[in-house]
Structure formats: structure tokens, C-alpha cells
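Subject: The structure you asked about

Hi,

Here is the structure I promised to pass on. Have a look at it first, and my notes on what turned up follow just below.

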Amino acid sequence: MARDSQVLDLNSSYSYLLWSRDFAETSMMATVDGEPAGFITGYMRPDEPGTLMVWQVAVDHEFRGRKLAAEMLDRLAGQVQAERVETTITADNEASIRLFAGFASRRGAPIEREPLFTAELYPDGHNTEYLYRIGPLT
């Protein structure tokens with residue numbers, strides 16, 4: 001799904017297996033009729049224990065348009081009892097911006113946005129990643 005999304009950074013299968021072992025409580029996979037349909041990977045920030053950092057969100061192209069990403073995000077934030085949610089998004093990723101703006105709206109929470117990793121920090125021409133901080137959640 002990460003590869004097929006054509007927007008997520010690709011990681012080795014090994015890294016995803018480690019992630020699923022070490023961060024299972026803060027990640028989620030959705031299935032539809034027994035088929036993998038989407039996933040979210042995240043972790044609780046060590047220096048801010050109430051903050052869920054969402055690393056990747058993917059929904060398989062076959063299951064898009066069903067609000068699956070929003071449902072997973074709502075469930076995960078509730079499951080970990082997050083006080084805040086953070087993520088990074090490039091300026092051209094309209095789908096992610098809509099997803100997290102909708103999440104904030106459903107929670108009645110403000111959003112702060114600022115550059116986190118600017119383009120000049122990347123050796124491979126990656127666009128600036130903006131940090132979105134949502135919260136406090138209600």
C-alpha cells in the first residue's frame with residue numbers, strides 16, 4: 001500500500017515488520033471483508049507522552065472514498081487516549097491536509113502548522129515537511 005500510494009516514503013519490509021512489533025499499540029490496520037484496506041503507523045512522542053505522532057497513513061486504491069483513513073485516525077487517537085496529534089505533511093499533499101483538518105474539526109481542536117524539515121535539509125530534493133499540531137483534543 002505504501003508503494004502504491006505513490007506519495008509515501010518507502011521503507012524495507014524489515015522496517016515495517018519491526019514497526020508492527022514495536023509500535024503495534026500506536027498503529028492500526030484496517031481490513032474490509034478480510035482484505036487489508038489501509039494502515040496508520042504512529043508512536044507516542046517520548047518527550048510529550050500525550051502526543052500521538054502519525055507517521056504514515058495509507059488506504060489501498062480499491063478502498064478509497066469510504067472515509068477509511070478518517071475512521072482509522074479517529075479510532076487510533078481514541079485508543080491511545082491522545083491529548084494531541086502531530087503529523088508532517090508536504091504542501092502539495094492535499095488529501096492528507098484534508099484528512100487532518102477534518103480530524104481537527106471533528107474534535108473541535110485548533111491546528112498549528114510550521115516548517116519542521118525544510119527542503120535544504122534533504123539530500124534528495126524532498127519538499128519541506130510541515131509539522132501539524134492538533135490539540136488539545138476534546
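A quick word on naming before we start: strands are DSSP runs of at least two residues, numbered from the N terminus. Please also keep in mind that this is a predicted model.

With that naming, T90 belongs to strand β4, which covers residues 84-90. Is T90 buried or exposed? Its relative accessibility is 12%, and buried means under 20%, so T90 counts as buried. The side chain of T90 has a polar contact, at 2.7 Å, with the side chain of D92. Setting aside residues up to four places away in sequence, T90 touches I97, H126, N127, T128 and E129.

That last partner, E129, deserves a closer look. E129 sits in strand β6, residues 129-134. Which side chain of opposite charge is nearest to E129? The answer is R113, but R113 is 9.9 Å away. A salt bridge needs a side-chain nitrogen of Lys or Arg within 4 Å of a carboxyl oxygen of Asp or Glu, and E129, although buried, has no salt bridge. What the side chain of E129 does have is a polar contact with the side chain of T88, at 3.0 Å. Beyond its neighbours within four places in sequence, E129 is in contact with T88, I89, T90, P115, L116, F117 and Y122.

Two residues from that list, L116 and F117, turn up again at the surface: together with L121 they make a nonpolar patch of about 280 Å². F117 lies in strand β5, residues 111-117. With a relative accessibility of 41%, F117 counts as partly exposed.

Now to the charged pairs. Side chains of opposite charge can pair when their charged atoms come close. How many salt bridges does the structure hold? There are nine, and I picked out three of them for you:

- R45 and E48 meet through their side chains at 3.6 Å, N to O. R45 is buried, at 19% relative accessible area, while E48 is partly exposed, at 24%.
- D74 and R106 form a salt bridge at 3.0 Å, N to O. D74 lies in helix α3 (residues 68-79) and R106 in helix α4 (residues 94-107), so this pair ties together parts that are 32 residues apart in sequence. D74 is partly exposed at 24% relative accessibility, and R106 is partly exposed as well, at 43%.
- E112 and R133 meet at 4.0 Å, N to O. Because E112 is in strand β5 and R133 in strand β6, the pair ties together parts that are 21 residues apart in sequence. E112 is partly exposed, with 45% relative accessibility, whereas R133 counts as buried, with 17%.

One more thing about these pairs: R45, D47, E48, E86, E112 and R133 are linked in a network of salt bridges. So where should you look on screen for the network of salt bridges? Try selecting those residues together, including R45 with E48 and E112 with R133.

If you would like a starting point, I would go to E129, which is buried and has no salt bridge, and then to its polar contact with T88.

Happy browsing, and do write back with any questions.

Best wishes

Notes:
Residues numbered from 1 in each chain as written. Predicted model: local features only at pLDDT ≥ 70, side-chain atom pairs only at ≥ 80, totals over all residues. Heavy atoms only, no water. Helix = DSSP H or I, 4+ residues; strand = E, 2+ residues; numbered from the N terminus. Buried < 20%, exposed > 50% of the residue type's maximum accessible area, 1.4 Å probe, protein only. Lys, Arg positive; Asp, Glu negative; His and termini not counted. Polar contact = N/O pair within 3.5 Å; in protein donor to acceptor, adjacent residues only side chain to side chain. Contact = heavy atoms within 4.5 Å. Patch = residues over 30% accessible without salt bridge, like charges linked within 9 Å, V, L, I, M, F, W, Y side chains within 5 Å. Areas by Shrake-Rupley, 256 points an atom, 1.4 Å probe, with all protein chains shown as cover.
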